[in-house]
Every structure is written in structure tokens, then in C-alpha cells.
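Trainee: I would like to learn how to read a sheet and a ligand site from coordinates. Could we work through one example together?

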Amino acid sequence: MSLSDAAIPDEPSPYELLSWYAEMGVTEALDETPHNHFAEPAPRAAEGQRPALRPLPGRESVAVRPMAAAATAPDDAALTARAMAREARTLDELKEALAKFEGCALKATAKHLVFADGNPKGRIMMVGEAPGADEDRIGLPFVGRSGQLLDRMLAAIGLSRKEDVYIANLLPWRPPGNRTPTPQEVAICLPFIQRQIELADPDILICVGGPSAQGLLGFTGILRSRGQWVEYDTGSRRIPAMATLHPAYLLRQPLQKRLAWRDLRALKAALDDKK
Ligand code: URA
């Protein structure tokens, strides 16, 4: 073996390469070529003129993937969302409307629409942030480790998801790599979750985690705002609402479970009061 051979490391196997990507947080394969999402949009081709597609070096043709979801301007998307959500008269119609909605780019990378779980007639509605990998794979909210903790927390005050709680998320599609949803994505999807709350018409709304508390109740700083009762206007009536800590946060910071326990006891007392 020559000295120069020894200096060249072995080619990584595909498995090693994928493991390395996963460790670096690259968990989604979106396209074959990188995209600069911060770049200025290219000037539009004149009417009737199609832009020339340049093949990648060494390839004969370019695969063009439809990206309809990303093409809608955010303001138009929010207006369309509001109109579609308002038209839905039942939760089933709302789910159908969401399935047809093309205004949120997250839909293009998600495997499933994650609409809701639990009992739509339950007295409590809980709204989390957005589906994670397990939820995206299965198509139901809070089925992973966080969801299992949420179920145990509910059981500790005698409640079950099957009977007492209707569960949804601020966003029905998983943000790639579980990143925090952008304000734009939240604004676009907000009319749908607001309408979902109005149609489910629970007695009590619980926002699970900071983004949900901010999106629906206007709270900033979950540690400061959790546990406070406020009134939420569903559009048809006012109901008590509270924010609590997200179970994913509690899995990382188990000592904070004592705060979540306070919120659960307050929820239980409110339910008993309203009986
Ligand atoms: N975290 C959420 O906020 N929602 C889910 O559905 C799962 C994890």
C-alpha cells in the first residue's frame, strides 16, 4: 500500500452516510437538488413563454416535482383557509376541507394529515403544537412518547382520551425535522384549528405548549403564562382556557412536572365546578 492510498479514508457505506445525516438533523429528503429558500424569487417568465429547464450535469432529464403548496402567497393562503374553514359545518367537512387545502407548504413534506383523536364530544379540547414523526406516520396526534405521557397525565386526574378529551394540533402537518412552525405557517393554518374548536364546542380548552398558547391565546412565555385561566371566544361562545407545559418539554425537564401537576389539578377542579 502506498502512502497516498493510506491517506484516503474508505468510502462510507450508504448506511453510515444516512446515519451521519440523521445525527446532523437531516431527516427529510425533499428533492435531489438543494434549494436556497432565502433567495429572491426568479423573475416570472413572460406570459405563454415557458422557462427553459436545464438538465443537471450528467443527467438527460430533470424530474419536476409539483410544489403547489409552496406556490400560494401567504396572505392569499390565509384568506383561502379562512373561507374554507368557515364553510365547513361539521368536523368531517372541516377535515375534508383541510385535505383539499393547498396553501401550506408543510403538506408537501408530510406523510399524513393529522386531524384529531379522542372524543369530539368530550368536555375538554387539548391543542398541541404539530405532529411529530410518529404522528405523521400514523396520522393521529400525540401517539409518540409525548402522547403516552399526556395519556398518563390525564389518567392521573381520572380522564381518558377515549371518553373525555378531544385532541388536535395548531398545525395538522408535521414540520420537517420537527422544527418549530414558522409564524407564517401558524397564520395560514390558524383559521382551521379555530373552526375546529368552534365545531367541537368543548367546555374547556387546554393549549399544550408555547406555540399553541401563543397562537390561540396570544400568550408569550409559557412558563409565565401556564396555569392562568382566560376566556377563549370560540366564535359562538366564551369558554375557559388555560395553557400548560408540553409533555415533550416535561420529558426533557422532569422536575417541571410539578408545575404541570398544578395545572392538571386546576383543570380537574374546573371540571368538577362546572358539573
Ligand atoms: N407534539 C405535539 O404538539 N403534537 C403531537 O401530536 C405530537 C407531539
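Trainee: Let me start with a single pair of residues: which residue in E6 is the bridge partner of Tyr 232?

Mentor: Before the answer, please keep in mind that this is a predicted model. The bridge partner of Tyr 232 in E6 is Ile 239, and this pair belongs to the antiparallel pairing of E5 with strand E6 (residues 238–244), which runs over four bridges. Between these two strands the hairpin has four residues, and there Gly 235 takes a positive phi near 110°.

Trainee: In what order do the six strands of the open sheet stand?

Mentor: The order is E1-E3-E2-E4-E6-E5, with mixed pairing. Strand E1 (117–118) and strand E5 (230–233) are at the edges with a single partner strand each, so one side of each has no neighbour in the sheet. For E1, the antiparallel pairing is with strand E3 (residues 165–169), over two bridges, and Gly 118 is found opposite Tyr 166 in E3.

Trainee: How should I think about the side chains along such a strand?

Mentor: As a general idea, side chains in a regular strand alternate between the two faces of the sheet.

Trainee: Turning to the ligand, which residues surround it?

Mentor: The surrounding residues are Gly 128, Glu 129, Ala 130, Pro 131, Glu 135, Pro 141, Phe 142, Asn 169 and His 246. Sorted by class, this shell holds four nonpolar, three polar and two charged residues, and the ligand itself sits in the second largest pocket.

Trainee: Which polar contacts should I look at, and how much of the accessible area of the ligand does the protein cover?

Mentor: A pair of N or O atoms counts as a polar contact within 3.5 Å. A ligand nitrogen atom is 2.9 Å from an N or O atom in the side chain of Asn 169, while a backbone N or O atom of Glu 129 lies 2.8 Å from a ligand oxygen atom. For His 246, an N or O atom in the side chain is 2.8 Å from an oxygen atom of the ligand. Of the 230 Å² of accessible area that the ligand has on its own, the protein covers 92%.

Conventions:
Residues are numbered from 1 along each chain as its sequence is written. This is a predicted model: local features need pLDDT of at least 70, side-chain atom pairs count only at pLDDT 80 or more; totals for chains, interfaces and linings use all residues. Side-chain values use heavy atoms; hydrogens and water are left out. A residue is near a molecule or strand if one of its heavy atoms lies within 4 Å of it. A polar contact is a pair of N or O atoms within 3.5 Å; within protein, one must be able to donate a hydrogen and the other to accept it, and residues adjacent in sequence count only if both atoms are side-chain atoms. Accessible areas come from the Shrake-Rupley method with a 1.4 Å probe; for residues, only the protein chains shown count as cover. On a 1 Å grid over the protein atoms alone, a cavity is a set of points where a 1.4 Å probe fits but cannot get out, and a pocket is an open set with protein on both sides within 12 Å along at least five of seven lines; lining residues have an atom within 4 Å of a point. A molecule sits in a cavity or pocket if more than half of its atoms lie within 2 Å of its grid points. Ala, Val, Leu, Ile, Met, Phe, Trp, Tyr, Cys and Pro count as nonpolar, Asp, Glu, Lys and Arg as charged, and the others, Gly among them, as polar. Two strands pair if DSSP finds at least two bridges between them.
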